[in-house]
Amino acid sequence: MAALNGSRLTMIGLVLFVLIIGSDNAKLSTDFYSCSCPKLFPTVKSTMQSAISKEVRIGASILRLFFHDCFVNGCDGSILLDDTATFTGEQHAPPNNNSARGFEVIDKIKTDVENVCPGVVSCADILAIAAADSVAILGGPTWKVKLGRRDATKASQSAATISIPKPTSDLKVLANMFKNNGLSLKDLVALSGGHTIGQAMCTSFRIRIYNETNIDTSFASTRQSNCPSTSGSGDNNLAPLDLQTPISFDNNYFKNLVQKKGLLHSDQQLFNGGSADSIVSGYSTNPKSFSSDFVAAMIKMGDIKPLTGSNGEIRKNCGKIN
């Protein structure tokens, strides 16, 4: 009888352990919504295609949103939370203020997804899928997105201020920030390749084009024509991050770095006589290598501290908690 009771206790303990693991430490998977929301992927893709057809830049903006979300306490959709009278989120932290964009696109996707499977898909997962679709639609690689994230019920402006890499950061600082998120130097270089699409404001590159020496002089002159040296003048003027093909996802970003035509200080730091030079050189001549490493790094970044199981919530509105 004692042995039987012991077996029952062991079985009960095992069941409880499984329940705990299942509720709080669930793993992300590519088929997470295969039964609960089978129309998820075509719904997200259709809305992203429509958004990019109206404004091609929005693809880069969505990719950036995902990056900025994951680097602040994990990929939990916290960047999507709007400020309220009693709540201050991440959208107006210095790295995001007046530059993070695409929130209305995520809101539109959320509405469309709610129409096909209400209360099922998190905003954090919608952002992850939309980022992948943006890359694919603009000519980049495709991959199966791991899903199962839940949405944060809080956000941190202070964490966003210190956790998101700055355009003025040196290589050592960048490498340490990525390392703190479980990402390698190769991941850093590959993910920076996302700058093959999108634009940056004059305030992000003014110091580089007027004061730095590791820059092609003709490139600097071209950028100076639309970014005056005086602060406050033309601050919001835009320039493409990739000089050659700014709306196509390819490896020209790395070719630009080799030619000292990186727009941001943080870009050119990847090819400036340091430990990342060989990686940049490799990607500049081997687009397939860049594509495969970019995919691996995006999947890896998507695994940063997700909320799963019973943690967090499935927001009804991406801009506010339930």
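## Reading helices, rings and charges

Modeller: Let's start inside: the buried residues of helix α3 pack against α2 (40–54), α4, α5, α7 (171–179) and α14. Keep in mind that this is a predicted model.

Colleague: Thanks! How many residues of α3 are buried?

Modeller: Twelve of its 13 residues are buried, so α3 is mostly covered. Among them are Ile58, Leu63, Phe66 and Phe67, and also His68 and Asp69.

Colleague: What end-to-end span should α3 have, and what does the model show?

Modeller: A helix rises by 1.5 Å a residue, so the 13 residues of α3 (residues 58–70) should span 18 Å. The C-alpha atoms at its two ends are 19 Å apart, which agrees.

Colleague: Before we go on, what average pLDDT does the protein chain have?

Modeller: The average is 92, and 92% of the residues score at least 70. Residues 9–25 are another matter, with pLDDT below 50; that stretch has twelve contacts in the model beyond near neighbours in sequence.

Colleague: Now the aromatic rings. How many aromatic pairs are there?

Modeller: The count is twelve. To read one, take the distance between ring centres and the angle between planes: for tryptophan 143 and phenylalanine 294 these are 6.1 Å and 75°, and because an angle over 60 degrees counts as edge-to-face, that is the label this pair gets.

Colleague: Where do tryptophan 143 and phenylalanine 294 lie?

Modeller: Tryptophan 143 is in the loop between α5 (123–137) and α6 (157–163), while phenylalanine 294 belongs to helix α14 (residues 287–301), so the pair ties together parts that are 151 residues apart in sequence. Both tryptophan 143 and phenylalanine 294 are buried.

Here is another pair to try: phenylalanine 254 and phenylalanine 290 are edge-to-face, with 4.9 Å centre to centre and 70° between the planes. Phenylalanine 254 sits in helix α11 (residues 252–258) and phenylalanine 290 in helix α14, so this pair ties together parts that are 36 residues apart in sequence. Phenylalanine 254 and phenylalanine 290 are buried too.

Colleague: Which residues form one aromatic cluster?

Modeller: The cluster consists of Trp143, Phe249, Tyr253, Phe254, Tyr283, Phe290 and Phe294. You will recognise both of our pairs in that list.

Colleague: On to charges. How many salt bridges does a search of the whole structure find?

Modeller: It finds eight. The general idea is that side chains of opposite charge can pair when their charged atoms come close. One of the bridges joins lysine 108 and aspartate 112, at 2.8 Å from N to O.

Colleague: Why are lysine 108 and aspartate 112 separated by about one helical turn?

Modeller: An α-helix has 3.6 residues a turn, so residues three or four places apart point the same way. Lysine 108 and aspartate 112 are four residues apart in helix α4 (residues 103–116), which means a separation of about one helical turn. Lysine 108 is partly exposed, at 43% relative accessibility, whereas aspartate 112 is buried, at 17%.

Colleague: What about bridges between distant parts of the chain?

Modeller: Try lysine 146 and aspartate 303, whose salt bridge is 2.9 Å from N to O. Lysine 146 is in the loop between α5 and α6 and aspartate 303 in the segment after α14, so the pair ties together parts that are 157 residues apart in sequence. Lysine 146 is partly exposed at 26% relative accessibility, and aspartate 303 is partly exposed at 32%.

Another bridge joins aspartate 187 and lysine 300, with their closest N and O atoms 2.8 Å apart. It links helix α8 (residues 185–192), home of aspartate 187, to helix α14, home of lysine 300, across 113 residues. Aspartate 187 is buried with a relative accessible area of 7%, while lysine 300 is partly exposed at 37%.

Colleague: Last feature: polar side chains. Is serine 122 buried or exposed?

Modeller: Serine 122 is buried, at 0% relative accessibility. It is found in the loop between α4 and α5, and a polar atom of its side chain lies 2.7 Å from the backbone oxygen of arginine 149. Beyond residues up to four places away in sequence, serine 122 touches Tyr33, Arg149, Arg150, Asp151 and Ile314.

Colleague: And threonine 285, buried or exposed?

Modeller: Threonine 285 is exposed, with a relative accessible area of 65%. Its place is in helix α13 (residues 277–285), and a polar atom of its side chain lies 3.3 Å from the backbone oxygen of glycine 282.

Terms used: Residues are numbered from 1 along each chain as its sequence is written. This is a predicted model: local features need pLDDT of at least 70, side-chain atom pairs count only at pLDDT 80 or more; totals for chains, interfaces and linings use all residues. Side-chain values use heavy atoms; hydrogens and water are left out. Buried means under 20% relative accessible area, exposed over 50%, partly exposed in between (1.4 Å probe, protein chains only). A polar contact is a pair of N or O atoms within 3.5 Å; within protein, one must be able to donate a hydrogen and the other to accept it, and residues adjacent in sequence count only if both atoms are side-chain atoms. Rings of Phe, Tyr and Trp (its six-membered ring) pair if their centres lie within 6.5 Å; planes under 30 degrees apart count as stacked, over 60 as edge-to-face and the rest as tilted. A salt bridge is a side-chain nitrogen of Lys or Arg within 4 Å of a carboxyl oxygen of Asp or Glu. The expected span of a helix is 1.5 Å times one less than its number of residues. Contact means heavy atoms within 4.5 Å. pLDDT is the predictor's confidence in each residue, from 0 to 100.
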